[in-house]
Amino acid sequence: MDLTLTPAQEAFRAEVQAWLSTNLPPDWVARPVTEIPRAEMYDLGRMWQRKLHDAGLLGLTWPKEYGGRGLTWMEELIFHEEMVRHRAPPILNILGVGMAGPTITTYGTEAQKRRYLTKILTGEEIWCQGYSEPNAGSDLASLQTRAERDGDAYVVNGQKVWTSLAQIADWMMLLARTDPAAPKHKGITYFLVDMHSPGVSVRPLRQLTGDAEFNEVFLENVRVPAANVLGEVNQGWGVGITTLMYERLALGFGLQARFQMALESVVGLAKRTARNGGTAAQDPVLRQKLAQLVIDNAVFKYTGARAITRLTKGEAPAPEDSVGKIWWCERHQALQDLAQEILGPYAQLGRGSPWAVDQGIWHYSFLRSRANSIEGGTTEIQRNIVAERVLSLPKG
Ligand SMILES: Cc1cc2nc3c(=O)[nH]c(=O)nc-3n(C[C@H](O)[C@H](O)[C@H](O)COP(=O)(O)OP(=O)(O)OC[C@H]3O[C@@H](n4cnc5c(N)ncnc54)[C@H](O)[C@@H]3O)c2cc1C
């Protein structure tokens with residue numbers, strides 16, 4: 001692993017620094033913390049994504065002909081480091097940029113790449129992921145949504161659940177069964193589905209936080225053109241796994257950045273919260289916990305750097321990236337627990353309470369963090385992946 005920057009990469013860092021130091025949205029800069037409920041950032045995230053793309057700072061590793069910049073993963077790393085340093089907001093189309101785009105780049109026809117990639121980067125088209133079903137979550141290959149060929153289209157029937165952002169999405173990465181007679185990992189096809197097609201209905205699901213950021217999606221006789229199959233018919237399992245690998249990679253990049261920002265926000269909170277005649281930051285027990293999170297953050301960063309090394313050698317994301325997902329989720333939940341401890345009884349005051357600290361964001365983000373060990377594949381499943389595919393341990 002050699003993280004020494006070339007002169008061109010140093011120049012790139014200077015470019016990102018210069019741009020971020022003058023272009024952050026003023027409303028965002030005024031916020032005391034960088035945590036934000038997703039439901040409150042749709043407009044901001046869309047506008048911010050567009051601005052980043054216009055400045056040539058999104059899709060850094062994507063080919064230039066599809067709206068990217070044709071740079072290496074090292075520039076991507078530099079970009080994320082600077083986003084942290086400048087406490088920048090997240091983008092909106094996270095599933096498009098992190099998952100749909102790289103999968104289309106890997107498996108798409110030339111026509112598909114031209115059709116979808118640039119609009120993913122600009123945020124003109126928002127993507128969601130239609131994988132989970134009421135009876136297929138961890139055991140995704142048991143999915144029952146069916147797609148049957150009818151002329152030049154497939155007719156899709158079934159139900160997806162927990163579909164994040166479906167309520168604002170234009171496109172879905174859909175896994176559906178096209179050969180019910182085949183063994184369950186075979187006979188699945190990956191489709192790119194227009195969410196505005198007749199027969200698609202979205203019903204929001206309210207979460208513990210009070211927000212409804214994910215949904216049930218019902219597909220009733222939805223006609224999907226055969227040209228929207230990504231990869232080969234009945235070979236969708238491999239395509240779908242590629243998306244999941246990129247998901248864990250994107251989680252590794254994006255979440256390390258957001259973890260560091262959240263950590264800085266918690267340190268700030270500790271410094272301004274009174275405790276025993278001083279501040280919470282001076283309390284010996286809380287200090288130890290904060291210091292541990294700072295150490296953990298460094299571990300996370302350098303574990304992530306291993307993934308970057310693999311990518312800079314031209315290799316694809318690997319099962320090892322599951323380690324980052326497990327690590328992030330445990331440490332992020334610990335960070336949110338610590339924020340609650342620092343706030344004491346004030347932690348109970350949520351958004352809407354006039355006495356809530358930081359407009360109740362810590363209350364919200366503590367509740368939201370409970371989902372971290374489920375979304376993107378549960379911690380148990382990530383551990384199974386590490387055990388079986390990284391450590392080659394026997395199946396339990
Ligand atoms: C906030 C949030 C956002 C989400 N967004 C999306 C989305 O956009 N698109 C999408 O498709 N899905 C999404 N999901 C769904 C998510 O991927 C699933 O919830 C997850 O994969 C678990 O599936 P399940 O809920 O069916 O639980 P199950 O698979 O029924 O699991 C129940 C419990 O059993 C455990 N378990 C299951 N199998 C094993 C095993 N083999 N070994 C050990 N333990 C096991 C699990 O770890 C879990 O604790 C989201 C979920 C959340 C919470």
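Setting aside residues up to four places away in sequence, glutamine 336 touches Glu35, Trp362, Ser365, Phe366 and Ser369. The model in which these contacts appear is a predicted one. Glutamine 336 belongs to helix α9, which covers residues 321-343. One of its neighbours is singled out by a polar contact: the side chain of glutamine 336 and the side chain of serine 365 are paired in this way at 3.0 Å. The relative accessible area of glutamine 336 is 0%, and the residue is therefore buried, since the term applies to values under 20%.

A second buried position is found in helix α8, formed by residues 284-312, where leucine 293 is located. Leucine 293 has a relative accessible area of 2% and is therefore classed as buried. Its contacts, apart from neighbours within four places in sequence, are with Phe259, Leu263, Arg331, Ala334, Leu335 and Leu338. Tryptophan 48, by comparison, is separated from leucine 293 by 245 residues in sequence and by 29 Å in space, taken from C-alpha to C-alpha.

The cysteines may be considered next. A disulfide is a covalent bond between the sulfur atoms of two cysteines. The structure holds 0 disulfides. Cysteine 128 has a relative accessibility of 0%, so this residue counts as buried. Cysteine 329, with a relative accessibility of 2%, is likewise counted as buried because its value falls under 20%.

Attention now turns to the ligand. The shell around the ligand consists of 17 residues, and the closest are Ser132, Ser138, Trp162, Thr378 and Glu380. Sorted by class, this shell contains 6 nonpolar, 8 polar and 3 charged residues. Helix α11, spanning residues 379-390, gives the most to the shell, with 3 residues.

Several atoms of the protein can be placed relative to oxygen atoms of the ligand. For tyrosine 131, a backbone N or O atom lies 3.1 Å from a ligand oxygen. For serine 132, a backbone N or O atom is 2.7 Å from an oxygen atom of the ligand. Threonine 378 contributes through its side chain, a polar atom of which lies 2.7 Å from an oxygen atom of the ligand. Taken alone, the ligand exposes 980 Å², and the protein buries 66% of that area.

Conventions:
Residues are numbered from 1 along each chain as its sequence is written. This is a predicted model: local features need pLDDT of at least 70, side-chain atom pairs count only at pLDDT 80 or more; totals for chains, interfaces and linings use all residues. Side-chain values use heavy atoms; hydrogens and water are left out. Helices (H or I, at least four residues) and strands (E, at least two) are DSSP runs, numbered from the N terminus. Buried means under 20% relative accessible area, exposed over 50%, partly exposed in between (1.4 Å probe, protein chains only). A polar contact is a pair of N or O atoms within 3.5 Å; within protein, one must be able to donate a hydrogen and the other to accept it, and residues adjacent in sequence count only if both atoms are side-chain atoms. Contact means heavy atoms within 4.5 Å. A disulfide is a pair of cysteine sulfur atoms within 2.5 Å. A residue is near a molecule or strand if one of its heavy atoms lies within 4 Å of it. Accessible areas come from the Shrake-Rupley method with a 1.4 Å probe; for residues, only the protein chains shown count as cover. Ala, Val, Leu, Ile, Met, Phe, Trp, Tyr, Cys and Pro count as nonpolar, Asp, Glu, Lys and Arg as charged, and the others, Gly among them, as polar.
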